[in-house]
Amino acid sequence: MQSLQDLWFGFGVAFQGTNLMWSFFGVLIGNLIGVLPGMGALSAISILLPLTYAMHPVPAILMLAGIFYGSQYGGAIGAILLNLPSHPPHAVTCLDGYPMTKAGKGGTALGITMICSFFAASVGILVMVFASPLLTEIAFKFGPTEIFSIMLLGLLAGSTMSRGSPLKGVAMTLFGLLCGVVGTDVNTGSFRFSFGVPELSDGLELVAIAMGLFGVADFLLNVNRMKVITANTSLRIRDMRPSWAELKEAFWPMVRGTGVGTLFGAMPGTGPTITTFVAYALERKLSKTPEKFGTGMIAGVAGPEASAHSKTQVDFIPTMSLGIPGDAVMALILGALLIQGIQPGPQLITDHPDIFWGLIASFWIGNVILMVLNVPMIGVWVKLLQVPYRYLFPSAMFFIAVGVFSTQNNLFQIWEVLAFGLIGALLMALDFSVAPIMLGFVLGPMVEENFRRALLLSRGDMAIFVTRPISGTFIALSALLLAGVTWSAWRGKQRGKPQESVADEVLASAHVVLPKEA
């Protein structure tokens with residue numbers, strides 16, 4: 001009952017004129033930024049962060065939060081219509097969302113995304129309202145040992161993203177790991193894999209890699225295309241209304257994706273990218289036709305999008321209550337709180353109830369605003385597909401360059417985008433899946449950091465990874481995964497079954513127990 005009273009107080013804060021105005025502004029900017037290729041929440045928040053210096057803490061945080069979940073909404077539009085994820089988690093949405101657009105079902109994909117995102121966001125908000133104290137207590141149980149173990153399991157299962165040979169998937173994951181360790185060693189201060197290039201001392205840029213692999217590479221592979229893919233398709237508002245059969249097909253993936261996002265959102269230090277990867281692999285495992293994933297499956301859109309939006313809401317729990325951001329965007333929001341002289345921690349809810357409960361109420365208001373904005377503007381987004389490719393190519397490249405440059409005002413990162421665009425185009429031409437590269441890049445540094453931290457705490461005793469219950473569970477799942485892959489590959493070879501289908505089926509099975517056992 002107290003939670004409902006606090007939520008009512010939060011709505012009173014969120015509906016104040018100034019707070020509502022800045023929340024709407026953040027949602028609108030985030031939605032537009034999310035649609036633009038190469039622009040994401042990280043870029044927008046970085047640009048607008050100085051604006052918060054002269055603002056009251058409540059509207060400042062509401063604006064930044066609106067940009068965050070607004071860009072998630074808009075990022076799905078860019079991923080589905082143009083195969084351009086402005087935010088790395090939407091790289092998974094490209095795998096089935098873009099094929100749906102090419103098949104003339106772009107409106108259905110957008111409608112499913114809108115429904116799943118609102119449902120998942122609502123569940124995430126309810127979790128924050130009623131389970132925030134419990135989730136905070138659970139979050140304290142995840143130390144370096146537990147985080148390392150779950151990240152290790154995610155890395156071992158990374159090759160499920162590959163539709164071909166598991167060896168290719170593992171190779172791409174290892175390549176992502178190597179990209180993740182480029183830069184300065186946080187413990188020794190020495191440069192690693194920088195090859196004498198000073199600009200690489202801070203490591204490779206996540207936004208640059210994502211836009212290179214998924215944006216520039218696709219443009220390079222289709223640069224000679226003379227006509228628009230869906231030029232003969234006109235989408236209207238009613239095209240966004242999925243049929244009853246499509247809603248039934250999306251319902252359980254939406255529920256499962258929401259559960260995955262809620263789970264990972266409550267864990268401090270886990271970014272949103274692994275959430276969508278796990279949700280996608282989970283749907284592949286549970287599907288009766290896993291071989292069709294990547295060709296335009298509704299479950300491949302509903303599951304990841306629901307997980308991304310539920311995690312976006314729940315992500316604020318470890319950030320606000322523990323001061324542990326889940327990714328770079330949450331780190332910027334954390335920095336905005338510190339700029340305002342507010343120290344995130346367990347006492348934030350009692351010391352600053354207007355910020356915490358006003359933020360929660362603004363989530364619901366903002367998501368309603370997003371639905372109202374995007375339904376009549378569907379025609380605008382579809383018009384992007386009707387732009388001649390000779391105009392779309394240079395304009396998208398321009399926005400990619402501006403978006404990447406604006407993150408750190410560094411021209412070198414534009415060269416990173418070009419380099420990874422060429423690498424991505426070459427790999428895709430050779431039938432390699434580039435999705436595991438992102439997984440390895442995101443998880444690699446966190447795996448290394450938490451592994452070394454755990455060993456420091458245990459004075460070099462490796463037994464700590466199996467003696468702690470939560471960590472031991474994930475280590476056991478990792479061992480079962482390796483054993484299952486080896487056994488199934490051997491069984492498939494004995495039966496003369498193609499290696500791809502056996503590997504895809506078994507590797508995806510690793511994610512079935514992950515959300516339940518965690």
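Here are some worked exercises on the helices, cores and ring pairs of this chain.

The model is predicted, so local features need pLDDT of at least 70 and side-chain atom pairs count only at pLDDT 80 or more, while totals for chains, interfaces and linings use all residues. Residues are numbered from 1 along each chain as its sequence is written, and side-chain values use heavy atoms, with hydrogens and water left out.

**Exercise 1. Get an overview: how many helices and strands are there in the protein chain?**

Step one is secondary structure: the protein chain holds 24 helices and two strands. Those are DSSP runs numbered from the N terminus, H or I with at least four residues for helices and E with at least two for strands.

Step two is burial. Of the 518 residues in the protein chain, 58% are buried; buried means under 20% relative accessible area, exposed over 50%, and partly exposed in between, with a 1.4 Å probe and protein chains only.

Step three is contacts, meaning heavy atoms within 4.5 Å. Take those between residues at least 6 apart in sequence: 79% join residues at least 24 apart.

**Exercise 2. Work out how helix 9 and helix 20 are oriented to each other: roughly parallel or roughly antiparallel?**

Start with the geometry. Helix 9 (residues 206–221) and helix 20 (residues 435–457) have axes that come within 10 Å and cross at roughly 170 degrees. Axes here are lines fitted to C-alpha atoms, for helices over the stretch in contact, and angles run from 0 to 180 degrees between N-to-C directions.

Now classify. Angles under 35 degrees count as roughly parallel, over 145 as roughly antiparallel, 65 to 115 as roughly perpendicular, and the rest as oblique. Helix 9 and helix 20 are therefore roughly antiparallel.

Who makes the contact? Helix 9 brings Leu206, Ile209, Ala210, Leu213 and Phe214, and helix 20 brings Ala435, Ile437, Met438, Phe441 and Val442. Sorted by class, that contact has ten nonpolar, no polar and no charged residues. (Ala, Val, Leu, Ile, Met, Phe, Trp, Tyr, Cys and Pro count as nonpolar, Asp, Glu, Lys and Arg as charged, and the others, Gly among them, as polar.)

**Exercise 3. Repeat this for helix 4 and helix 5: which residues make the contact?**

The axes of helix 4 and helix 5 (residues 91–102) come within 6 Å and cross at roughly 55 degrees. That makes helix 4 oblique to helix 5.

Helix 4 contributes Ala79, Ile80, Leu81 and Leu82, and helix 5 contributes Thr93, Cys94, Gly97, Tyr98 and Thr101. The split for this contact is six nonpolar, three polar and no charged.

**Exercise 4. Find the largest nonpolar core: which residues have the most contacts inside it?**

A nonpolar core is a set of buried Ala, Val, Leu, Ile, Met, Phe, Trp, Tyr and Cys residues joined through side-chain atoms within 4.5 Å. The largest has 80 residues, and Leu64, Phe316, Leu359, Ile360 and Phe363 have the most contacts inside it. Helix 4 (residues 57–82) supplies the largest share of this core, 15 residues.

Another core, of 50 residues, lies apart from it, with Phe148, Leu153, Val182 and Ile437 among its members.

For a close-up, pick Leu359: leaving out residues up to four places away in sequence, Leu359 touches Ile61, Leu62, Ala65, Phe316, Met320 and Asp354.

**Exercise 5. Go through the aromatic pairs: how many are there?**

The count comes to eleven aromatic pairs. Rings of Phe, Tyr and Trp (its six-membered ring) pair if their centres lie within 6.5 Å; planes under 30 degrees apart count as stacked, over 60 as edge-to-face and the rest as tilted.

First example: Phe148 and Phe451 form a tilted pair, 5.2 Å centre to centre with 45 degrees between the planes. Phe148 sits in helix 7 (residues 144–156) and Phe451 in helix 20, so the pair ties together parts 303 residues apart in sequence. Phe148 is buried at 10% relative accessibility, whereas Phe451 is partly exposed at 26%.

Second example: Phe316 and Phe363 have ring centres 5.1 Å apart and planes at 50 degrees, so this pair is tilted. Phe316 is in helix 13 (residues 316–322) and Phe363 in helix 16 (residues 353–374), 47 residues apart. Phe316 is buried at 0%, and Phe363 is buried at 0%.

Last step: ring pairs link Phe68, Tyr69, Phe316 and Phe363 into a cluster.

**Exercise 6. Place Tyr69: buried or exposed?**

Tyr69 lies in helix 4 and is buried, with a relative accessible area of 1%. Its C-alpha atom is 6.5 Å from that of Thr312, 243 residues away along the chain.
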